[in-house]
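Please look through the sequence and the model shown below, and keep both at hand while reading the report that follows.

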Amino acid sequence: MADYDVAIIGGGIHGVGIAQAAAAAGYSVLCLEENAWGGATSSRSSKLIHGGLRYLQTGQLGLVRRCLNERDRLLELASELVKLRSFYIPVYDGGRYSAAQIRWALRAYYLLSGLRETGLYSELPETRWADIKGLKTEGLQHIFRYYDGQTDDQALTCAVGRSAQALGAILCCPARFDAATRSHSGYELIFYEAEIKKRASCRVLVNATGPWVNQVLSQIETPTAGWRPLTIDLVQGTHLVYPAGLSEQCLYVEAPSDGRAVFILPWQDKTLVGTTEKVYQGNPGEVEPLREEVQYLQQTLDTYLPEHQLRPEGRFCGLRVLPRSDRAAFFRSRDTQFLFDDPKHPTLAILYGGKLTDYRATAAQLMKQLSRTLGKRTPVADTAHLRLLAANRAA
Ligand SMILES: Cc1cc2nc3c(=O)[nH]c(=O)nc-3n(C[C@H](O)[C@H](O)[C@H](O)COP(=O)(O)OP(=O)(O)OC[C@H]3O[C@@H](n4cnc5c(N)ncnc54)[C@H](O)[C@@H]3O)c2cc1C
């Protein structure tokens, strides 16, 4: 008999989300994280719990609808960790998108949110434009307001991890996965917990290692004939960190050089400006913001808040996992993709890409597939109703 029903490699939002969902469904769970819970991509995002207004442009309506649904769920379940914020979109003469197009997009966002209050949007009257302190007024035609959620991504990841533990999942960190071989009952694993070599067996193995996904996959024995990993690109996204006082409002603006959406986001006692999209080919652990990304973000900020005198006090960079394609990163799917050794009776599941916002729905979808191998158990909880508490409130 295997030691665990499910073993998960990776302790980002997806790894702990799957641990929570598997434990809630009544399975025994082991989750391994090499460095720190949420210490990689899941602490370097834009920290938005959102539908992704800009994904409407690429027609990803299913993803936007699901993420809006999850956003509203997290606003309730994780009310200490996810807060609703007003976002402002200024529209200028000669901008890439007209006021009519923005209105259309916000209407679609409202419809996809299920006509909920959190999907409401409005246009700021000219008499209120001065509320957005420091915003460039030359050529300003309209300012739209809508709502989305904001979080501390790493704190949210840790809260989901604590919830998984409370349901009985075993979470190990630092624990570096080393190798896995196939056995009659699933997989035999070798990992190093605080440099001590350990072994465990599981019925189903999940690779949720974000940008390391194919690197880690090469350490796992896989079926041979006709089976291939997905080909992916790693696309880096940089944020600049400014001291507080840059902007009191969340702004959604167009980068002057290429019209891409850039956010200016008050966050905790700082302001974040991001992000970028540059294909990255190195080791995921060594990604660094590039000088050209810093210039791109600074130029965008200087365009919209021309009076500001502040210098960035920090920067951070994360990697998106996107399907490989000749198309610009913007046009590629942001949805999670699963790959299985055998879709009918999986013993190995590999997760590619995805959104912080969508982690719970992603994990639920994966567990549905894995239950074909694991069989049904009596659930001990439903993640759709489990509260997530901030660290100082956790039991
Ligand atoms: C710039 C940027 C901005 C984003 N903004 C948003 C946003 O605002 N809202 C949103 O919803 N989504 C956003 N996303 C997407 C979101 O951040 C990611 O989808 C999510 O964080 C990915 O989580 P993950 O668990 O798959 O990967 P990760 O968080 O990278 O976790 C993978 C983990 O695997 C571990 N690992 C690797 N190898 C091993 C090993 N051998 N043994 C043990 N552990 C190992 C790593 O240490 C790491 O902690 C953004 C992404 C980027 C890059």
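In helix 4 of this predicted model, the buried residues are Asp153, Gln154, Leu156, Thr157, Cys158, Ala159, Val160, Gly161, Arg162, Ser163 and Ala164. Because eleven of the 14 residues of helix 4 are buried, this helix is largely enclosed by the rest of the structure. The cover over these buried residues includes helix 1, strand 2 (29–32), strand 6 (140–151) and strand 7 (170–172). Helix 4 itself covers residues 153–166 and spans 20 Å from its first C-alpha to its last, close to the 20 Å expected at 1.5 Å a residue. After helix 4 comes Gly168, which has a positive phi near 110 degrees.

Helix 1, one of the elements that cover helix 4, contains Ile18. Ile18 counts as buried because it has 29 C-beta neighbours inside 10 Å, the cut-off for a buried residue being 20 or more. When its neighbours within four places in sequence are left aside, Ile18 is in contact with Ile8, Val206, Ala208, Ala363 and Leu366. The C-alpha atoms of Ile18 and Tyr359 are separated by 8.2 Å, although these two residues lie 341 residues apart along the chain.

Helix 1 (13–24) also takes part in the surroundings of the ligand, since helix 1, strand 8 (175–183) and strand 16 (314–323) each supply at least two residues of the shell. Of the 37 residues around the ligand, those that come nearest are Gly10, Gly12, Ser46, Gly210 and Gly237. Sorted by class, this shell has twelve nonpolar, 18 polar and seven charged residues.

Strand 12 (residues 250–254) is another element that is largely enclosed by the rest of the structure, because four of its five residues are buried. It pairs with strand 4 (residues 82–92) in the parallel sense over two bridges, and Phe87 stands opposite Cys250 in strand 12. Strand 12 is also joined by four bridges to strand 13 (residues 261–267), and these two strands run antiparallel, with Tyr252 standing opposite Phe263 in strand 13. The hairpin of strand 12 and strand 13 has six residues between the strands, and within this hairpin Gly259 takes a positive phi near 75 degrees.

Some backbone angles in the model deserve a separate look. Most residues other than glycine have a negative phi, and most peptide bonds are trans. The table lists two cis peptide bonds and two residues that have a positive phi without being glycine.

| Place in the chain | Feature | Angle |
|---|---|---|
| Cys173 to Pro174 | cis peptide bond | omega about 0 degrees |
| Gly274 to Thr275 | cis peptide bond | omega near 15 degrees |
| Leu115 | positive phi | phi about 60 degrees |
| Ala194 | positive phi | phi about 50 degrees |

Each of these places involves a loop: Pro174 lies in the loop between strand 7 and strand 8, while Thr275 is found in the loop between strand 14 (270–274) and strand 15 (278–280). Leu115 is in the loop between helix 3 (99–112) and strand 5 (122–123), and it counts as exposed because it has 9 C-beta neighbours inside 10 Å. Ala194 is found in the loop between strand 9 (186–193) and strand 10 (196–207), and with 10 C-beta neighbours inside 10 Å Ala194 likewise counts as exposed.

Taken as a whole, the protein has seven helices and 18 strands, and buried residues make up 46% of its 395 residues. Its radius of gyration is 22 Å, which agrees with the value near 21 Å for a compact globule of 395 residues.

Definitions and conventions: Residues are numbered from 1 along each chain as its sequence is written. This is a predicted model: local features need pLDDT of at least 70, side-chain atom pairs count only at pLDDT 80 or more; totals for chains, interfaces and linings use all residues. A residue is near a molecule or strand if its C-beta atom, placed from the backbone, lies within 6 Å of it. Ala, Val, Leu, Ile, Met, Phe, Trp, Tyr, Cys and Pro count as nonpolar, Asp, Glu, Lys and Arg as charged, and the others, Gly among them, as polar. A residue is buried if 20 or more other C-beta atoms lie within 10 Å of its own, exposed if 12 or fewer, and partly exposed in between; C-beta atoms are placed from the backbone. Two residues are in contact if their C-beta atoms, placed from the backbone, lie within 7 Å. Two strands pair if DSSP finds at least two bridges between them. The expected span of a helix is 1.5 Å times one less than its number of residues. The radius of gyration is taken over C-alpha atoms; the globule rule is 2.2 Å times the number of residues to the power 0.38.
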